Amino acid sequence: MKFKFPEDQLVNTPEGKVPKLYSCAECRSGAGLDFSFTMAFQPIVDWNQKKVYSHEALVRGTSGESAYSILSQVNATNRYQFDQSCRIKAIQLASQLQIPSYLNINFLPNAIYQPETCIRTTLEASREFQFPLNRLVFELTEGEEIQDHDHIIKIFKAYKQYGFLTAIDDFGSGYSGLNLLAKFQPDLIKLDMELIRNIHLNPVAQKLTNAIAGVCREVGIAVIAEGVETIEELKVLVDMGIHLYQGYLFSKPAFESAGDVNFPNI
């Protein structure tokens, strides 16, 4: 069952009723929301090249409050506006910080009504803040149950047509997993941190991770190991041929900043 917008969020057009499209300025001011938020950025590193591959935009309160403090206020009534505002805020801050890498933006799977409508706001933000479209990565978070896989695939395909990269976040922890991967192959998958945690002590997790990485290589999907915190974990993952990493071992999320990056010796 697809997400249905409340009537007061729809406007009449020649093509029928569609969600109200907020401008960048309205999204920045929190139109349709009764709370404010900002972003922290956490680097995703390329171990082989010893450089930052991307920065993920992570929701935070305006005084540095946790992501949960913001996400707990998102509901069926404001989900669409929040999703759109996150895109604008992430692009705006990334531009101000002159982030030279890719920019990963999470999107809520049940917040999207029409991909073309949502993309218009992203295009406007890219033009206004002069952030290149070909450096945007949209991550599907598995924290929400996907109500319509075919609709998500339509969204992914629309993103690819515009030159965005696509990713599945927290792969292995949530609702999409292998079924979605069999139907659509994103550019990247991010292995869930619970699979990575203490992987050097868990032979089964090692076999599963190695198998997933092998399949992804065969079908042309890059793998990001998420939540890497120790050198012992990193050594096991490097031996598997994984070269993209995100985690405290390299850098913690930095409030409204690109943050510093550490490449440990192993």
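**Helix α8 and the aromatic pairs**

Student: Which exposed residues are carried by the face of α8 turned away from its buried side?

Tutor: This is a predicted model in which local features need pLDDT of at least 70 and side-chain atom pairs count only at pLDDT 80 or more, while totals for chains, interfaces and linings use all residues. Residues are numbered from 1 along each chain as its sequence is written, and side-chain values use heavy atoms, with hydrogens and water left out. Exposed means over 50% relative accessible area, buried under 20% and partly exposed in between, with a 1.4 Å probe and protein chains only. On the face of α8 turned away from its buried side, the exposed residues are Pro203, Val204, Lys207 and Glu218.

Student: What arc around the axis do the buried residues of α8 cover?

Tutor: Helices (H or I, at least four residues) and strands (E, at least two) are DSSP runs, numbered from the N terminus. In α8 the buried residues are Ala205, Thr209, Ala213, Gly214 and Cys216. They lie on the same side of α8, because the arc, taken from the directions from the helix axis to the C-beta atoms, is only 165°.

Student: How far does α8 reach from its first C-alpha to its last?

Tutor: The expected span of a helix is 1.5 Å times one less than its number of residues. For α8 (residues 203-219), which has 17 residues, 24 Å is expected, and the helix comes close to this by reaching 25 Å.

Student: Which residue just after α8 takes a positive phi?

Tutor: At the start of α8, a side-chain oxygen of Asn202 comes to within 3.1 Å of the backbone nitrogen of Val204. Just after α8, a positive phi of about 80° is taken by Gly220.

Student: How many residues apart in sequence are the parts that the pair of Tyr53 and Tyr102 ties together?

Tutor: Rings of Phe, Tyr and Trp (its six-membered ring) pair if their centres lie within 6.5 Å, with planes under 30 degrees apart counted as stacked, over 60 as edge-to-face and the rest as tilted; a search of the whole structure finds 14 aromatic pairs. The rings of Tyr53 and Tyr102 have centres 5.0 Å apart and planes at 40°, so this pair is tilted. Since Tyr53 lies in strand β4 (residues 51-60) and Tyr102 in strand β5 (residues 102-107), the separation in sequence of the parts tied together is 49 residues.

Student: Which ring does the charged end of Lys50 sit over?

Tutor: A charge sits over a ring if NZ of Lys or CZ of Arg is within 6 Å of the ring centre and within 35 degrees of the ring normal. The charged end of Lys50 is 3.9 Å from the centre of the ring it sits over, that of Trp47.

Note on methods. A polar contact is a pair of N or O atoms within 3.5 Å; within protein, one must be able to donate a hydrogen and the other to accept it, and residues adjacent in sequence count only if both atoms are side-chain atoms.
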